Amino acid sequence: MTNMFVSLGSWNWLIFGFILMALEVVAPGVFLFWLGLAALLVGLISFVTVISWQIQLVMFAVFAAAAVPVWRRLARPKPDDSASPFLNRRTEALLGREFTLEKPIIDGNGTVRIGDTVWRVAGPDTPAGTRVKVVQVDGANLTVAAA
């Protein structure tokens, strides 16, 4: 068994690295890619310097362990607030906008049509057809004031 580890040379690490990367293509998951990259690094370093097999195995373990946080950092999706800033908070996009009342506000309740949806609004009594401005949102309830 020791002879097998002693015979580990630069070429063996490079071949092992390429095999791991090829297996990544067959079974995608991005895990084997980083192990393959660690093996390639050990192979390239062992080409430059003469290193014992024990150090090579330790280097492989260190590179493979270091690849996990690197992968997590690179794989983390970067938030792109400019693309859809109100995703999952669509009512907040209505703050400050003006709409025309579809039904009058009587006893503090009325409706307004926004796109193809009718929203309940609360505010001071106002006749239908009046322009109102959204001043507060609470779930699906909009509070309006005269615009």
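Visitor: In which strand does Arg-113 lie?
Guide: In this predicted model, the relative accessible area of Arg-113 is 41%. Partly exposed residues fall between the limits of 20% and 50%, so Arg-113 counts as partly exposed. As for its place in the chain, Arg-113 belongs to strand β2.

Visitor: How far apart in space are Arg-113 and Thr-100, C-alpha to C-alpha?
Guide: Along the sequence, Arg-113 and Thr-100 are separated by 13 residues. In space, the distance between their C-alpha atoms is 7.5 Å.

Visitor: Which side chain meets that of Arg-113 in a salt bridge?
Guide: A salt bridge requires a side-chain nitrogen of Lys or Arg within 4 Å of a carboxyl oxygen of Asp or Glu. For Arg-113, the distance from N to O in its salt bridge is 2.8 Å. The pair links distant parts of the chain, 11 residues apart, with Arg-113 in strand β2 (residues 109-114) and its partner in strand β1. That partner is Glu-102.

Visitor: Is Glu-102 buried, partly exposed or exposed?
Guide: Buried residues have under 20% relative accessible area, and exposed residues have over 50%. The relative accessibility of Glu-102 is 34%. Glu-102 is therefore partly exposed.

Visitor: How many salt bridges does the count come to?
Guide: One salt bridge joins the side chains of Arg-113 and Glu-102. Another joins the side chains of Arg-131 and Glu-98, at 3.9 Å from N to O. The count of salt bridges comes to two.

Visitor: How many residues apart in sequence are the parts that Arg-131 and Glu-98 tie together?
Guide: The side chains of Arg-131 and Glu-98 meet in a salt bridge. Because Arg-131 lies in strand β4 (residues 131-138) and Glu-98 in strand β1 (residues 98-106), the pair ties together parts whose separation in sequence is 33 residues.

Visitor: What are the relative accessible areas of Arg-131 and Glu-98?
Guide: Arg-131 counts as partly exposed. Glu-98 is also placed in the partly exposed class. The values are 41% for Arg-131 and 39% for Glu-98.

Visitor: Which residue has a positive phi although it is not a glycine?
Guide: The residue in question is found in the loop between β1 and β2. Its relative accessibility is 69%, so it counts as exposed. Its phi is about 55°, and the residue is Asp-107.

Visitor: How far apart in space are Ala-122 and Gly-108, C-alpha to C-alpha?
Guide: Ala-122 is part of strand β3 (residues 117-122). With a relative accessible area of 27%, Ala-122 is partly exposed. Ala-122 and Gly-108 are 14 residues apart in sequence, while their C-alpha atoms are separated in space by 5.2 Å.

Visitor: In what order do the elements of the protein run from the N terminus on?
Guide: The secondary structure comprises four helices and five strands. From the N terminus on, the order is α-α-α-α-β-β-β-β-β.

Visitor: Which helix gives the most residues to the nonpolar surface patch?
Guide: The nonpolar patch, of about 740 Å², is made by Trp-11, Ile-15, Ile-19, Leu-23, Leu-44, Phe-47 and Val-48. Helices α2 (10-26) and α3 (31-48) each supply at least two of its residues. One residue of the patch, Ile-15, is partly exposed at 46% relative accessible area. With four residues, the helix that gives the most is α2.

Visitor: Which residues form the positive surface patch?
Guide: One member of the patch lies in helix α4 (residues 53-75), namely Arg-73. The relative accessible area of Arg-73 is 60%, which means that Arg-73 is exposed. The residues of the positive patch are Arg-72, Arg-73, Arg-76 and Lys-78.

Visitor: How far apart are the end C-alpha atoms of residues 51-71?
Guide: The unreviewed UniProt entry places the feature "transmembrane region" at residues 12-45 and 51-71. In the model, residues 12-45 are 88% helix and 0% strand, with end C-alpha atoms 13 Å apart. Residues 51-71 are 90% helix and 0% strand, and their end C-alpha atoms are separated by 27 Å.

Visitor: What percentage of the residues in the protein is buried?
Guide: A residue is buried when its relative accessible area is under 20%. The protein has 147 residues, and the buried share is 26%.

How values were computed. Residues numbered from 1 in each chain as written. Predicted model: local features only at pLDDT ≥ 70, side-chain atom pairs only at ≥ 80, totals over all residues. Heavy atoms only, no water. Patch = residues over 30% accessible without salt bridge, like charges linked within 9 Å, V, L, I, M, F, W, Y side chains within 5 Å. Areas by Shrake-Rupley, 256 points an atom, 1.4 Å probe, with all protein chains shown as cover. Lys, Arg positive; Asp, Glu negative; His and termini not counted. Charge placed at Lys NZ, Arg CZ, Asp CG, Glu CD. Buried < 20%, exposed > 50% of the residue type's maximum accessible area, 1.4 Å probe, protein only. UniProt positions renumbered as here; feature names shortened; annotations may be inferred.
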